[in-house]
Amino acid sequence: MTSMSPPRALEVLQSDSHPYSATVGLHIEPGRAGSGVRFRLDFDPRLIPLYIYKTAGHFSDAMTQYILHALDKGLYGWQVTDCVVTMNECDYYIGDGATKRVLPTPRTTAADFRKLTPLVLMEALRQAGTVVCQPMARVRLELPAPRMGDVLSALARLGAATRAPLLDAELSVVTALLPSAQVRSLQEQLPGLTGGEGVLDTSFGGYEPVHGSLPRR
């Protein structure tokens with residue numbers, strides 16, 4: 001995810017925009033690669049509904065689970081990873097205060113926070129400019145030098161980013177970053193491209209954003 005400032009989303013208790021008896025405000029920002037999902041609270045702790053969750057720790061644990069469940073599918077059906085989610089707004093209704101609605105406002109329950117949190121989080125993700133990333137494979141090919149042109153053309157068709165090859169009179173070494181989904185196709189084409197003399201090694205190459213239409217599932 002990329003953003004100049006942490007994207008914020010807020011749904012307020014007794015609002016006409018949702019039916020839940022809770023206020024949830026969240027902002028989300030990128031974490032460092034491999035850091036996973038972190039959740040933190042940043043509001044007046046007196047606004048934690050202790051009559052539901054008993055302790056601030058239990059509330060934080062419950063909110064973390066609501067958020068992890070929502071991030072498991074994200075906006076496009078793919079897991080969202082390596083981000084920091086901060087809850088900066090919280091409120092609830094216990095049935096003894098003023099209400100802005102003509103109809104009575106229900107007493108807040110855990111279900112209100114559980115159902116409202118994913119809605120707020122998805123709006124924060126939309127603001128964050130979330131992208132879908134795909135796993136990449138780092139490939140190294142050893143092949144007869146006269147076959148290099150055919151191999152480079154095949155790698156280009158498969159969407160690989162290829163480095164300048166190492167050349168000598170008989171042998172070429174080509175390294176490239178290739179979408180993992182295309183490795184099998186490369187393996188199947190390699191014997192024909194190299195006259196059966198190509199050698200392929202692969203290793204995990206990290207993740208890269210998908211270009212063009214984002215795949216959904």
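**Exercise 1. Find out why C83 forms no bond with its closest cysteine sulfur.**

Step 1: The cysteine sulfur closest to that of C83 sits in C133, 12 Å away, which is too far for a bond. A disulfide here is a pair of cysteine sulfur atoms within 2.5 Å.

Step 2: Now turn to C90, whose closest cysteine sulfur is the one in C83, 20 Å away and again too far for a bond.

Step 3: The count for the structure is 0 disulfides.

A word on the model before going on: it is predicted, local features need pLDDT of at least 70, side-chain atom pairs count only at pLDDT 80 or more, and totals for chains, interfaces and linings use all residues. Residues are numbered from 1 along each chain as its sequence is written, and side-chain values use heavy atoms, without hydrogens and water.

**Exercise 2. Decide whether C83 and C90 are buried or exposed.**

Step 1: Buried means under 20% relative accessible area, exposed over 50%, and partly exposed in between (1.4 Å probe, protein chains only).

Step 2: C83 has 1% relative accessibility, so C83 is buried. C90, at 3%, is buried too.

Step 3: Across the 217 residues of the protein, 37% count as buried.

**Exercise 3. Describe the overall build of the protein.**

Step 1: Count 5 helices and 9 strands, which are DSSP runs (helices H or I, at least four residues; strands E, at least two) numbered from the N terminus.

Step 2: Follow their order from the N terminus: β-β-β-α-α-β-α-β-α-β-β-β-α-β.

Step 3: Box in the C-alpha atoms along the principal axes, and you get roughly 85 × 30 × 30 Å.
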